[in-house]
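Student: Please take a close look at one part of this structure, the salt bridges, and describe them for someone new to it.

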Amino acid sequence: MPADEAQPAATTPLARAERFIWLTARVLEQRRFAFHFLGGDADGVDAALGAYLGADGGYGHALDPDLRGPLSQPLHAAYALRVLDALGRCGGRRVERLCGHLAAVSTSDGALPVVSPGPAGHPAARYHPVHDDPPGALLTTGPVVGALHHNRVWHAWLFRATEFCWDRVETPRHWHPYEVRGAVAFLDGVPDRGRAAAAADRLGRLVREQHLVVLDPAPRTGGPTAPGDAPGEELYPYDVARRPESCARGWFTDAEMGRSLDFLAARQQPDGGWPAARPAWAAGSPLERRPIATLEALLTLRAYGRALA
């Protein structure tokens, strides 16, 4: 019997996604899927994540598929903390060592760059250029600081990094859409909820005024893109308000959020996975990023009560 006929065809969104994950994902994303959707244990996810841990306390080895090579990078730390947060294990000696590493690679203003300069020229996506003296970035600092605060982690590094995030979030300026996600991650986790709510309200009005999020996901005809983005690379309400309790949820009407979630559900591909948001720049990057995008899509749809099974 041919292999394709040996298994029944997957019919539900979750079943199709599960088959895609087993066929294509790294061990980490397979373990994450099993934990979130199949009742798998947290130890398996933790062990898979540990393979990316470096001797310096940071995370490397292309944990974020856009940065290759073994070097620890802030983008990898942000992904690791997101995984640990979901496990309820974002604390302890491991996170304390990570904070020490982040302090060592911070910029002069106490923030994290997008890419830290390293001793070797390991490949990186063109939209993450390597600078000898990189500036601090909300794109990386916001998610890291937000996750640490959400888990009540206290470290000396957090004081200046938190002030950097407040300054970036509260200063009127022109925003890049991807910065908005960093801001939301920070505001969702920071302890000063009153200040966070006021900042989120201002940012939400700016997001709509500057058209940083596509409110109507109907087929578009190639409008302008943000600097560094590829044509069609756009953010939707579900990208910034990943869960209904996010501070960004109030930026969108129920109709706008519903349309974006319909659009997200419809983006599942025939192979069961969701497309990667970023353009392909190397052979392996989309192969590794699509399972991550698939997990994020499933978690967002489930958080909003969309049927998957």
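Tutor: What follows goes through some salt bridges and the residues that form them. This is a predicted model, in which local features need pLDDT of at least 70 and side-chain atom pairs count only at pLDDT 80 or more, while totals for chains, interfaces and linings use all residues. Residues are numbered from 1 along each chain as its sequence is written, and side-chain values use heavy atoms, with hydrogens and water left out.

Side chains of opposite charge can pair when their charged atoms come close. The structure holds 19 salt bridges, a salt bridge being a side-chain nitrogen of Lys or Arg within 4 Å of a carboxyl oxygen of Asp or Glu.

Glu29 is found in helix H3, residues 27–37; helices (H or I, at least four residues) are DSSP runs numbered from the N terminus. Its side chain meets that of Arg26 in a salt bridge, 2.8 Å from N to O. Both Glu29 and Arg26 are buried, which means under 20% relative accessible area, with exposed being over 50% and partly exposed in between (1.4 Å probe, protein chains only). Glu29 has 0% relative accessibility. Leaving aside residues up to four places away in sequence, Glu29 touches Ile21, Tyr79, Pro291, Ile292 and Leu295, where contact means heavy atoms within 4.5 Å.

A further salt bridge joins Asp46 and Arg94, with the closest N and O atoms 2.5 Å apart. Asp46 lies in helix H4 (residues 42–50) and Arg94 in helix H6 (residues 92–105), so the pair ties together parts 48 residues apart in sequence. Asp46 is buried at 14%, whereas Arg94 is partly exposed at 25%.

Notes. Helices (H or I, at least four residues) and strands (E, at least two) are DSSP runs, numbered from the N terminus.
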